[in-house]
Amino acid sequence: MSSGDSNPAATPIPCEDVQGDGRWMSMHNRFVSDSKGKEPDVLFVGDSLVQLLHEFEVWRKLFSPLHTLNFGIGGDATQHVLWRLSNGELDHISPKVVVVWVGTNNHGHTPEQICGGIMAIIDVINQHLSQAHILVLGVLPRGKSPNPLRERNKRVNTLVQDKLASVCYASFLDVDPGFVHSDGSISHQDLYDYLHLTPQGYQKVCEPLYMRIKALLEMHAP
């Protein structure tokens, strides 16, 4: 039995079409189509935090000039991203840097399972894009006050960071600038619903992220 068979977070599966409109699969197919003829230097893959980033000025200011594609879908967990990347989204592109930001939607999974899902995503990317550097972003804290999901996400980050310490083609970046205040609260000015980022929150996250991506691209320069 493979690790994917025993770990639901590392078993590729399309997102269930609970609303019946085929939206998720349509977006996946569009990503596959959009990638044909494109030559991105940077690819973002993940959940709504990736998808929504595309709508903000910080994307146009910092990431669009780097020739970046955004393959984020709201609600995705690790197993959904794993399926998408295994089914065509990487087939027609060769980015130098792939940014992975996923994990907060893996409800019902343990930190160890979520870490396994993220590592499975890294393996698939490396199989398709052996020359790319994979940058895994830490899962952000969530909820206005301390809660089990926040603790789970923190543990996921610790596990992933430890795993990546020995992987030469991938690295971890903690993009939390300190969203949790000294009293344990998170401000709606940073995460408007205590999960998704405001423009101010994205600015705090993206400035160090941009600097890391720039440095990785310079390493790829001839």
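1. Two atoms or groups are in contact here when heavy atoms lie within 4.5 Å. Helices (H or I, at least four residues) and strands (E, at least two) are DSSP runs, numbered from the N terminus. With those terms in hand, here are some notes to help you find your way around.

2. What you see is a predicted model, in which local features need pLDDT of at least 70 and side-chain atom pairs count only at pLDDT 80 or more, while totals for chains, interfaces and linings use all residues. Residues are numbered from 1 along each chain as its sequence is written, and side-chain values use heavy atoms, with hydrogens and water left out.

3. A good place to start is helix α8, which covers residues 199-220. Its 22 residues reach 30 Å from the first C-alpha to the last, close to the 32 Å expected at 1.5 Å a residue (the expected span is 1.5 Å times one less than the number of residues). Look for a kink of about 30° at Cys-206, shortly before Pro-208; the bend at a residue is the angle between axes fitted to the seven residues ending there and the seven starting there.

4. Which residues of α8 are buried? They are Gly-201, Tyr-202, Val-205, Cys-206, Leu-209, Ile-213, Leu-216 and Leu-217. Buried means under 20% relative accessible area, exposed over 50%, and partly exposed in between (1.4 Å probe, protein chains only). The buried residues of α8 pack against three strands numbered β3 (97-101), β4 (133-137) and β5 (170-173), and also against β1 (42-46), α3 (48-53) and α4 (57-63).

5. Ile-213 in helix α8 deserves a closer look. Ile-213 counts as buried because its relative accessibility is 0%. Leaving aside residues up to four places away in sequence, Ile-213 touches Val-42, Phe-44, Phe-63, Leu-66, Val-99 and Leu-135. Of these partners, Phe-63 is 150 residues away in sequence, yet the two C-alpha atoms are 9.3 Å apart in space.

6. Next, turn to helix α6 (residues 111-128): its end C-alpha atoms are 26 Å apart, which agrees with the 26 Å that 18 residues should span at 1.5 Å a residue. Its buried residues include Pro-111, Ile-114, Cys-115, Ile-118 and Ile-125. The buried residues of α6 pack against α5 (78-86), β3, β4, α7 and β5.

7. Now for the open and closed spaces. On a 1 Å grid over the protein atoms alone, a cavity is a set of points where a 1.4 Å probe fits but cannot get out, and a pocket is an open set with protein on both sides within 12 Å along at least five of seven lines; lining residues have an atom within 4 Å of a point. Grid points are joined across faces, edges and corners, and a volume is the space filled by probe spheres set on the points.

8. The largest pocket has a volume of about 240 Å³. Helix α7 (residues 148-164) gives the largest share of its lining, 6 residues, and the full lining includes Arg-150, Glu-151, Phe-172, Asp-174 and Asp-176. The structure holds 1 cavity of 30 Å³ or more; the largest cavity has a volume of about 40 Å³ and Asp-47, Trp-101 and Leu-195 are among its lining residues.

9. Finally, two loop residues other than glycine have a positive phi: His-67, near 60°, and Tyr-194, near 65°. His-67 sits in the loop between α4 and β2 (68-72), whereas Tyr-194 is in the loop between β5 and α8. Tyr-194 counts as partly exposed because its relative accessibility is 22%.
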